[in-house]
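Got the viewer open? Let's take a walk through it, one selection at a time.

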Amino acid sequence: MSLSASNLQWGGKVRLEDRQFKAWAVLRLIKLAITAKKLNLSMALTNNIDSFVKTDNTLAWDGHTKPFYEVYYLKINEPELNWSLSLRYTLCTSSDFSGGIATLWGIYVDKDGQKLSLKQSFDLQKNEIVHTNQFINIGNSFLSLAEACGSIKEGSQGISWELNFEDPVLSSRSFSNELLYKWRYPPLKFTQPRQLGFASGAVFINGIKKELKRFRIHQGHFFGHSLHKQWAWANCIEF
């Protein structure tokens, strides 16, 4: 028996001839390159999504400008749900007085007719709005890239939430030109960092827990030195 390259036994397998081995190696390298490209594309897409959410959720208020309005809002809704919840983190400074107000809003509605609307305000100057890794912080409530947590209390009534954001995310802007978000005009800027997203966690309505497992959410952000003279805010059970 001759010991040619075509029939030499090594480790229980037949060693391929040089040309076959080279062809196999080239194909292997191509497959590895395609896999790496897919991984890089996936990572780039994830990084871009994170970048959009971060950029369009960055706090715009510089800590001094008056008047100034800034609002982060979050809506939780699913077609199969019997209820919906709208949350708002807001700050407002006015040229009429030296201070400012930071406010939490919560509006709960269900198909049985139960409605709960709560609002809790804080002195803006005594509240540390900016925290590391959080877009906004009011009292013990905050919004970040990964989660939204908080609570609102009025007397014996309360709304609290513990939500973790999930991919994928669809983001959008009302203005295509980046400069329109930097200039003073238009006076009100609007973004939707999570025009359509998903979240899991729980909300508590007067102590009653409602668990969420990958439910649809919508999160927006608007800011500026003036509100439009005519505008309306509606909270709908479905959107």
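Start by selecting Arg194 and Phe165: Arg194 sits over the face of the Phe165 ring, 4.2 Å from the ring centre. (A charge counts as over a ring if NZ of Lys or CZ of Arg is within 6 Å of the ring centre and within 35 degrees of the ring normal.)

Before moving on, a word on what you're looking at: this is a predicted model, where local features need pLDDT of at least 70 and side-chain atom pairs count only at pLDDT 80 or more, while totals for chains, interfaces and linings use all residues. Residues are numbered from 1 along each chain as its sequence is written, and side-chain values use heavy atoms, with hydrogens and water left out.

Next, pick Arg214. Arg214 lies over the face of Phe198, at 4.3 Å from the ring centre. Now add Glu166: its side chain meets that of Arg214 in a salt bridge, 3.0 Å from N to O. (That term needs a side-chain nitrogen of Lys or Arg within 4 Å of a carboxyl oxygen of Asp or Glu.) How many salt bridges does the structure hold? Just 1. Glu166 is partly exposed, at 24% relative accessible area, and Arg214 is partly exposed too, at 37%. (Buried means under 20% relative accessible area, exposed over 50%, partly exposed in between, with a 1.4 Å probe and protein chains only.)

On to the rings. A search of the whole structure turns up 4 aromatic pairs. (Rings of Phe, Tyr and Trp, the last by its six-membered ring, pair if their centres lie within 6.5 Å; planes under 30 degrees apart are stacked, over 60 edge-to-face, the rest tilted.) Select Tyr73 and Phe222: the ring centres are 6.5 Å apart and the planes at 50 degrees, so this pair is tilted. Tyr73 is in strand β3 and Phe222 in strand β12, so the pair ties together parts 149 residues apart in sequence. (Strands are DSSP runs of E, at least two residues, numbered from the N terminus.) Both Tyr73 and Phe222 are buried. Add Phe190 to see one aromatic cluster of Tyr73, Phe190 and Phe222.

Now try Tyr89 and Trp161, an edge-to-face pair with 6.2 Å centre to centre and 85 degrees between the planes. Tyr89 is buried at 1% relative accessibility, and Trp161 is buried at 2%.

Last stop: Gly106, in strand β5. Buried or exposed? Gly106 is buried, with a relative accessible area of 0%. Show Leu87 as well: the two C-alpha atoms are separated by 4.7 Å, though Gly106 and Leu87 are 19 residues apart along the chain.

Key. Helices (H or I, at least four residues) and strands (E, at least two) are DSSP runs, numbered from the N terminus.
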